Amino acid sequence: MALTGCSWLFLSAAFLSAGAEISITPEPAQPAEGDNVTLTVHGLSGEVLAYNWYAGPTLSLTYLVASYIVSTGDETPGPAHTGREAVRPDGGLDIRGALPGHSGTYILQTLNRQLQTDVGYGHVQVYEILAQPVVTANNTALVERRDTLRLVCSSPSPAEVRWFFNGEALPIAIRLGQSPDGRVLTRHGVRREEAGAYQCEVWNPVSVSRSEPVNLTVYYGPERVAILQDSTTRTGCTIKLDFNTSLTLWCVSQSCPEPEYVWAFNGRALKNGQDHLNITSMTAAQEGTYTCIAKNPKTLLSGSASVVVKLSAAAVAMTIVPVPTRPMEGQDVTLTVQGYPKDLLVYAWYRGPASEPGRLLSQLPSGNWIAGPAHTGREVGFANCSLLVQKLNLTDAGRYTLKTVTLQGKTETLEVELQVAPLE
């Protein structure tokens with residue numbers, strides 16, 4: 001029996017199938033776009049006269065790719081032929097440089113000498129080589145617990161999507177809402193631990209492509225504002241400092257970005273915008289409460305910490321300085337005391353060594369002072385232990401002794417030599 005052209009197509013519906021089981025498998029099994037694919041036929045029986053290949057779900061002329069007559073090797077393209085298909089003598093179908101559009105169901109219809117037809121079905125999926133996806137964010141700088149993060153993975157391919165955070169696979173955490181197709185991540189009230197680099201990756205069995213990272217910043221704080229002593233030592237509520245020594249207070253906090261700093265002393269703002277404050281040559285005038293206020297310009301939140309700085313009473317280095325340092329005859333001079341004990345109980349001034357005959361005056365706990373045996377009527381005592389000697393004469397030159405007693409009973413004696421210059 002000889003066949004010409006496609007005349008047998010019109011006969012195929014008039015004969016029942018012989019029941020042979022024909023199967024079709026693609027080689028390679030998971031082709032990438034551009035691969036040459038062969039649809040290999042298994043289970044052919046008897047002497048086959050012709051083949052019809054269809055690219056579609058039914059035996060419709062619309063889906064006909066090609067008809068092939070075995071005896072002559074003639075192949076006739078059908079409406080669904082793309083120019084890349086060719087029927088093999090063994091019934092297989094070659095697709096040269098397959099494209100994703102070649103994916104789908106393929107049907108092979110055979111005709112034998114008894115004019116019986118058999119049908120076999122197969123499926124091929126041609127995977128595209130994936131282009132790099134792109135991640136877009138509604139905002140890359142967000143405020144913690146206030147703003148919503150929305151990341152979208154854009155790709156022209158319907159491939160599977162997976163997400164990466166700082167280079168590691170991102171688990172589908174409860175805190176991250178994911179759209180059904182996996183291409184959108186949403187987080188309401190973003191947290192600081194979610195700051196970092198986000199990427200999405202599209203993949204199929206033959207291709208993988210990952211996006212460039214999108215870096216997310218999450219602003220927070222300031223929190224846990226504290227004042228440290230010398231940048232590392234955490235302070236208590238009070239710092240005791242020796243007289244004439246120095247101290248650096250550091251303000252630290254948990255904040256992003258780094259906060260702006262304002263320092264205050266006893267409630268009065270200081271001209272210092274740094275994270276540290278230097279206290280140099282500690283004196284009584286620098287005693288008080290130091291406060292650091294940290295302000296975050298992004299979250300608009302602020303926090304503060306305070307510390308009290310005091311002179312260490314037990315460690316004050318007491319000194320006596322005449323003012324003026326070399327007074328002239330007839331002038332007044334003040335023997336100025338610096339670093340006197342803050343827990344002072346009483347003090348006494350002596351002309352010469354600390355003995356009763358030479359006592360000039362004493363100050364009582366009440367704050368009043370009383371004259372001693374050596375008082376000339378020209379000496380005046382002050383609460384800070386200083387001594388004023390008025391209208392000096394040359395006999396006032398010499399040694400002066402100060403004796404102090406603290407509330408704890410500690411006694412300290414200090415001497416100074418006064419020089420008086422004669423009038424010329």
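**View 1. Asn272 and its surroundings.** Asn272 is buried, at a relative accessible area of 17% (buried means under 20% relative accessible area, exposed over 50%, and partly exposed in between, with a 1.4 Å probe and protein chains only). Before going on, please note that this is a predicted model, where local features need pLDDT of at least 70, side-chain atom pairs count only at pLDDT 80 or more, and totals for chains, interfaces and linings use all residues. Residues are numbered from 1 along each chain as its sequence is written, and side-chain values use heavy atoms, with hydrogens and water left out.

Asn272 sits in the loop between β24 and β25 (276-279); strands here are DSSP runs of E with at least two residues, helices are runs of H or I with at least four, and both are numbered from the N terminus. Look for two polar contacts from the Asn272 side chain: one goes to the backbone nitrogen of Gln274 at 2.8 Å, and another to the backbone oxygen of His276 at 3.2 Å. A polar contact is a pair of N or O atoms within 3.5 Å; within protein, one must be able to donate a hydrogen and the other to accept it, and residues adjacent in sequence count only if both atoms are side-chain atoms. Leaving aside neighbours within four places in sequence, Asn272 is in contact (heavy atoms within 4.5 Å) with Tyr261, Val262, Trp263 and Leu277.

**View 2. Two loop residues with positive phi.** Asn266 is not a glycine, yet its phi is positive, at about 55°. You will find Asn266 in the loop between β23 and β24 (268-269), where its relative accessibility of 47% makes it partly exposed. Leu300, likewise not a glycine, has a positive phi of about 65°. Leu300 belongs to the loop between β26 (288-295) and β27 (302-311), and counts as exposed at 68% relative accessibility.

**View 3. Two cis peptide bonds before prolines.** Cys256 and Pro257 are joined by a cis peptide bond, with omega about 0°. Pro257 is in the loop between β22 (247-256) and β23 (260-265). Val323 and Pro324 are also linked by a cis peptide bond, again with omega about 0°. The loop that holds Pro324 runs between β28 (319-323) and β29 (333-338).

**View 4. Strand β1 and its two partners.** In a regular strand the side chains alternate between the two faces of the sheet. Along β1 (residues 22-27), Ile22, Ile24 and Pro26 point to one face and are buried, while Ser23, Thr25 and Glu27 point to the other and are not. Strand β1 pairs with β9 (residues 117-124) in the parallel sense over two bridges (pairing requires that DSSP finds at least two bridges between the strands). Here Ser23 stands opposite Tyr121 of β9. With β2 (residues 37-42), β1 runs antiparallel and is joined by five bridges; in this pair, Pro26 stands opposite Leu39.

**View 5. An open sheet of five strands.** The strand order is β32-β31-β30-β35-β36, and the pairing is antiparallel. At the edges are β32 (369-371) and β36 (411-418), each of which pairs on one side only. From one strand to the next, the twist averages 15°, with axes taken as lines fitted to C-alpha atoms (for helices, over the stretch in contact) and angles running from 0 to 180 degrees between N-to-C directions. Strand β35 (residues 398-406) meets β36 in the antiparallel sense over eight bridges. Gly398 is found opposite Leu418 of β36.
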